[in-house]
Amino acid sequence: MANHKFCFCKVFFFILFMQAVSAQSFTNALDSNGKKHGIWKGIYPESKRARYEGSFVHGKEIGVFKYFDDTKAGSVIATREFNAVDSGAYTIFYDQKNNKVSEGKSVNKLNEGPWKYYHQESDKVMTTENYKNGKLEGVRTVFYLSGKLAEEATYVKNLKEGIYKKYSENGIVLEESMYKNNEYNGLAIFRDPDGSIVSKGQFVNGKKAGMWQFFEKGKLSKEINMSLQQGVIKAKR
């Protein structure tokens with residue numbers, strides 16, 4: 001009877017050993033050319049906790065990769081779903097409570113096409129952006145938590161270009177201005193939350209220039225020549 005139990009234990013541990021060896025043989029393996037192949041699991045060097053897991057086919061990522069934070073909980077902080085067509089990956093970032101932070105496509109680790117960013121711990125979209133080769137390109141919009149439009153601007157090669165508008169939550173245009181090479185350039189109008197103009201004038205290369213008008217309670221109160229930096233012309237009442 002004792003021998004029977006001894007043999008059973010030996011068989012049981014042998015099976016566990018073979019399972020471990022089998023699992024290890026299919027993890028972090030290389031093909032004949034030294035390229036990653038099969039299931040791979042990365043670790044954080046110091047903590048030795050899991051950093052990512054996913055599959056390679058002869059050095060190329062395929063399918064869904066999961067990325068973990070360096071904590072005991074090992075929360076998923078990002079996923080990337082790779083496709084074989086353009087080496088792109090649909091990427092989703094998460095906070096430690098599994099709420100989406102942002103999502104969009106990456107190609108060669110650079111943002112490409114439309115991306116969405118979410119309000120903190122919410123499924124409400126905060127910002128929409130468009131990328132080309134990792135740089136902002138096209139219209140960027142920002143929204144209040146209510147879904148109302150807060151800002152809209154146009155970008156060219158990562159630089160703000162053209163009309164910029166900023167809104168109050170009830171739809172008042174608080175700022176309407178022009179940009180060139182990421183600087184104020186052209187007419188700018190600033191309003192208070194009631195919609196009354198507070199100031200307006202021209203910018204040149206990011207600096208106020210020429211005659212600027214300033215208003216109080218909707219009435220012109222003064223004009224200042226910003227180019228000369230002198231004299232205040234009182235408005236007629």
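**Note on salt bridges, rings and backbone in a predicted model**

1. The side chains of glutamate 103 and lysine 100 make a polar contact, at 3.3 Å. The model in which this is seen is predicted. The two residues also form a salt bridge, with 3.3 Å between the closest N and O atoms. Glutamate 103 is placed in strand β7.

2. The two partners do not fall in the same accessibility class: glutamate 103 has a relative accessibility of 6% and so counts as buried, while lysine 100, at 34%, counts as partly exposed. The class of glutamate 103 follows from the cut-off, because buried means under 20% relative accessible area.

3. What does glutamate 103 touch beyond its neighbours within four places in sequence? Its contacts there are Tyr90, Thr91, Ile92, Pro114, Trp115, Lys116 and Tyr118. A student can find glutamate 103 in strand β7 and look for these residues around it, for instance Trp115.

4. Confidence should be checked before reading further. The chain has a mean pLDDT of 88, and 85% of its residues reach 70 or more. Residues 4-25 are another matter: pLDDT stays under 50 there. For this stretch the model has 0 contacts beyond four places in sequence. The drawn path of residues 4-25 should be read with that pLDDT in mind.

5. How many salt bridges does the structure hold? There are 4. One of them joins the side chains of arginine 49 and aspartate 70, at 3.1 Å from N to O. Arginine 49 sits in the loop between β2 (36-43) and β3 (50-57), and aspartate 70 in the loop between β4 (60-68) and β5 (76-82), so the bridge ties together parts that are 21 residues apart in sequence. Both ends are partly exposed: the relative accessible area is 29% for arginine 49 and 37% for aspartate 70.

6. A further salt bridge joins the side chains of lysine 97 and glutamate 121, with 3.2 Å from N to O. This pair links distant parts of the chain, 24 residues apart: lysine 97 is in the loop between β6 (88-94) and β7 (100-107), and glutamate 121 is in the loop between β8 (110-118) and β9 (125-132). Is lysine 97 buried or exposed? Its relative accessible area is 58%, so lysine 97 is exposed. Glutamate 121, at 46%, counts as partly exposed.

7. Glutamate 121 deserves a second look for its backbone. Most residues other than glycine have a negative phi. In glutamate 121, phi is near 50°, a positive value. Lysine 217 is also a residue other than glycine with a positive phi, near 55°. Lysine 217 lies in the loop between β18 (207-216) and β19 (219-225). At 86% relative accessibility, lysine 217 counts as exposed.

8. Next come the aromatic rings. A search of the whole structure finds 14 aromatic pairs. Among them is the pair of phenylalanine 56 and phenylalanine 65, which is edge-to-face, with 5.3 Å from centre to centre and 90° between the planes. Both of these phenylalanines are buried.

9. Why is the pair of phenylalanine 203 and tryptophan 212 edge-to-face? The planes of the two rings stand at 85°, with the centres 5.3 Å apart, so the pair is edge-to-face. The cut-off behind this is that planes over 60 degrees apart count as edge-to-face. Phenylalanine 203 is buried, with a relative accessible area of 8%, and tryptophan 212 is buried at 0%.

10. Phenylalanine 203 and tryptophan 212 also belong to a cluster linked by ring pairs. Its other members are Tyr164, Tyr179, Tyr184, Phe190 and Phe214.

11. Two charged residues lie over ring faces. Lysine 222 is over the face of phenylalanine 214, at 5.6 Å from the ring centre; phenylalanine 214 is itself one of the rings in the cluster. Arginine 80 lies over the face of tyrosine 67, at 5.6 Å from the ring centre.

Key. Residues are numbered from 1 along each chain as its sequence is written. This is a predicted model: local features need pLDDT of at least 70, side-chain atom pairs count only at pLDDT 80 or more; totals for chains, interfaces and linings use all residues. Side-chain values use heavy atoms; hydrogens and water are left out. pLDDT is the predictor's confidence in each residue, from 0 to 100. Contact means heavy atoms within 4.5 Å. Helices (H or I, at least four residues) and strands (E, at least two) are DSSP runs, numbered from the N terminus. Buried means under 20% relative accessible area, exposed over 50%, partly exposed in between (1.4 Å probe, protein chains only). A polar contact is a pair of N or O atoms within 3.5 Å; within protein, one must be able to donate a hydrogen and the other to accept it, and residues adjacent in sequence count only if both atoms are side-chain atoms. Rings of Phe, Tyr and Trp (its six-membered ring) pair if their centres lie within 6.5 Å; planes under 30 degrees apart count as stacked, over 60 as edge-to-face and the rest as tilted. A charge sits over a ring if NZ of Lys or CZ of Arg is within 6 Å of the ring centre and within 35 degrees of the ring normal.
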